[in-house]
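Reader: I have a model open and would like to go through it with you. Can we take it piece by piece?

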Amino acid sequence: MSGNGLISSIRRFINADEHPRTNNSQPSPFEHLRQQMDDLLGDEGILKEVVQPGVGPPVPQNASVLNQPFESNTYTKYPQMLKLGRDVTLAGLELGLYTMKKGEFCRFLFQPRYAFGEMGCPPLIPAAATVLYEVQLLDFFDSGQVDEFLTLSPEEQNTVPLSRFLDVVGTLRSLGNRCFKQSRYYNAKDRYKQAMTLMESRASQSQAEKESIKTALLPLYLNLSLTELRLDSPQKALKYGNKALKIDSNNTKALFRCGQAYQELQEYESAQSCLITAQAKRPFDTDINNLLRKVALCYKDNLDKEKDMYSKMCKELRGQ
């Protein structure tokens, strides 16, 4: 979700709504809004107007929602992820979010008991203030089912139907992807590893289930390999890249990840081998071709340095 961040607008709405009006004055902005808003609870405490409808189901219980700060004096490069039931402190906002769908943009009008109460939040929010929020739900993740699954014992987890199990690990991977896009690589790694551990610990009964687990593990290994590269851990990146190749020896991304890791480890011959195999499958891939050229130059430079070193050693031996 995202806030409009217009503190001055909020102040203007609050002040306009709270100052008494004469009989000849115009209705306040809040009164205009109230006329076109829906009463969510029946007590006029939370009013809502949908500006742009969303798609899909509404936000589930205990989900994680994608959020940007509402206040314009808060600066973050990326939207924040908030866990409902834990991170959202405004009662009205949390209740309102449960009525929203992905992509929806709406306005909420909260009475004091659903907002900042009789005390307000000085100096921005006066005492007993009615407040307006504009919210856009960018994305949400059903992390409630993840929380529920993790409370089960390992034996109970193995009895969970495969479809639900894959939904849980898929949600963890999606949360990891969101962290990765925000350059929060350690957080992404934790989510990916949590999903990987669950899948590797799953006691599969049938061959079909084992194949489904392997199919779901492959992108996780690739995600972990790339994340470790971002964290300057090429040895770990190589480990996950090789795990991916054990599942699919022809996977171009896995070959490329291993080539990147070998290049960082200065094992240029192994890097060339992986990249040449990847290039044979995708000959026009710019990333593969560029890295292959870089590795070839590094390999040549390394061989030249070794040649110079051996030449100097031979001269020293002859001199002795």
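Reader: In which helix is L95 found?

Author: L95 is found in helix α3, which covers residues 91-97. Keep in mind that this is a predicted model.

Reader: Is L95 buried, partly exposed or exposed, and why?

Author: L95 is partly exposed, because its relative accessible area is 38% and the partly exposed class runs between the 20% and 50% cut-offs.

Reader: Which residues form a nonpolar patch with L95 on the surface?

Author: L40 and L41 do. Together, L40, L41 and L95 have about 230 Å² of accessible area.

Reader: Now charges. How many salt bridges does the structure hold?

Author: The structure holds 14 salt bridges. One of them pairs R107 with E49, where the closest N and O atoms are 3.2 Å apart.

Reader: Where do R107 and E49 lie?

Author: R107 lies in strand β8, and E49 lies in strand β3, residues 46-52. The two are 58 residues apart in sequence, so this pair ties together separate parts of the chain.

Reader: Buried or exposed, what is E49?

Author: E49 is buried, with a relative accessible area of 14%. R107 counts as partly exposed, at 22% relative accessibility.

Reader: Which other residue forms a salt bridge with R107, at 2.8 Å?

Author: E134 does, and 2.8 Å is the distance between the closest N and O atoms. E134 lies in strand β9 and R107 in strand β8, so the salt bridge ties together parts that are 27 residues apart in sequence. E134 counts as buried, at 15% relative accessibility.

Reader: And what about R164, which side chain does it meet in a salt bridge?

Author: The side chain of E148, at 3.7 Å from N to O. R164 is in helix α6 and E148 in helix α4, residues 143-150, so to speak of distance along the chain, they are 16 residues apart. R164 counts as partly exposed, with 26% relative accessibility.

Reader: Which residues are joined into one network by salt bridges that share partners?

Author: E49, R107 and E134. R107 is the residue that bridges to E49 and also to E134.

Reader: Change of topic, backbone oddities. Which peptide bond is cis?

Author: The bond from P122 to P123 is cis, with omega near 0°. For context, most peptide bonds are trans.

Reader: Where does P123 lie?

Author: P123 lies in the loop between β8, residues 105-110, and β9, residues 131-136. Those strands came up before: R107 lies in β8 and E134 in β9.

Reader: What is the phi of S183?

Author: S183 has a positive phi of about 65°, although it is not a glycine. Most residues other than glycine have a negative phi. S183 is found in the loop between α6, residues 162-181, and α7, residues 185-201.

Reader: What about D232, what is phi near there?

Author: Phi of D232 is near 60°, again a positive value in a residue other than glycine. D232 sits in the loop between α8, residues 207-230, and α9, residues 234-247.

Reader: How do S183 and D232 come out, buried or exposed?

Author: S183 is partly exposed, with a relative accessible area of 39%. D232 is exposed, at 66%, because the cut-off for exposed is over 50%.

Reader: You mentioned α8 and α9. At what angle do their axes cross?

Author: At roughly 160°, and the axes come within 8 Å. That makes α8 roughly antiparallel to α9, since angles over 145 degrees count that way. The crossing of α8 and α9 is left-handed.

Reader: And how do α6 and α8 run, parallel or antiparallel?

Author: Roughly parallel to each other. Their axes come within 12 Å and cross at roughly 15°. The crossing of α6 and α8 is left-handed.

Reader: Last one. Where does F30 lie, and is F30 buried or exposed?

Author: F30 lies in helix α2, residues 29-35. F30 is buried, with a relative accessible area of 0%.

Reader: How far apart are F30 and L109 in space?

Author: They are 8.1 Å apart, C-alpha to C-alpha, while in sequence F30 and L109 are 79 residues apart.

Definitions and conventions. Residues are numbered from 1 along each chain as its sequence is written. This is a predicted model: local features need pLDDT of at least 70, side-chain atom pairs count only at pLDDT 80 or more; totals for chains, interfaces and linings use all residues. Side-chain values use heavy atoms; hydrogens and water are left out. Helices (H or I, at least four residues) and strands (E, at least two) are DSSP runs, numbered from the N terminus. Buried means under 20% relative accessible area, exposed over 50%, partly exposed in between (1.4 Å probe, protein chains only). Patches are made of residues with over 30% relative accessible area and no salt bridge: like charges are joined within 9 Å, nonpolar side chains (Val, Leu, Ile, Met, Phe, Trp, Tyr) within 5 Å. Accessible areas come from the Shrake-Rupley method with a 1.4 Å probe; for residues, only the protein chains shown count as cover. A salt bridge is a side-chain nitrogen of Lys or Arg within 4 Å of a carboxyl oxygen of Asp or Glu. Axes are lines fitted to C-alpha atoms, for helices over the stretch in contact, and angles run from 0 to 180 degrees between N-to-C directions. Angles under 35 degrees count as roughly parallel, over 145 as roughly antiparallel, 65 to 115 as roughly perpendicular and the rest as oblique. A crossing is left-handed if the near helix is turned anticlockwise from the far one by less than a right angle, and right-handed if clockwise.
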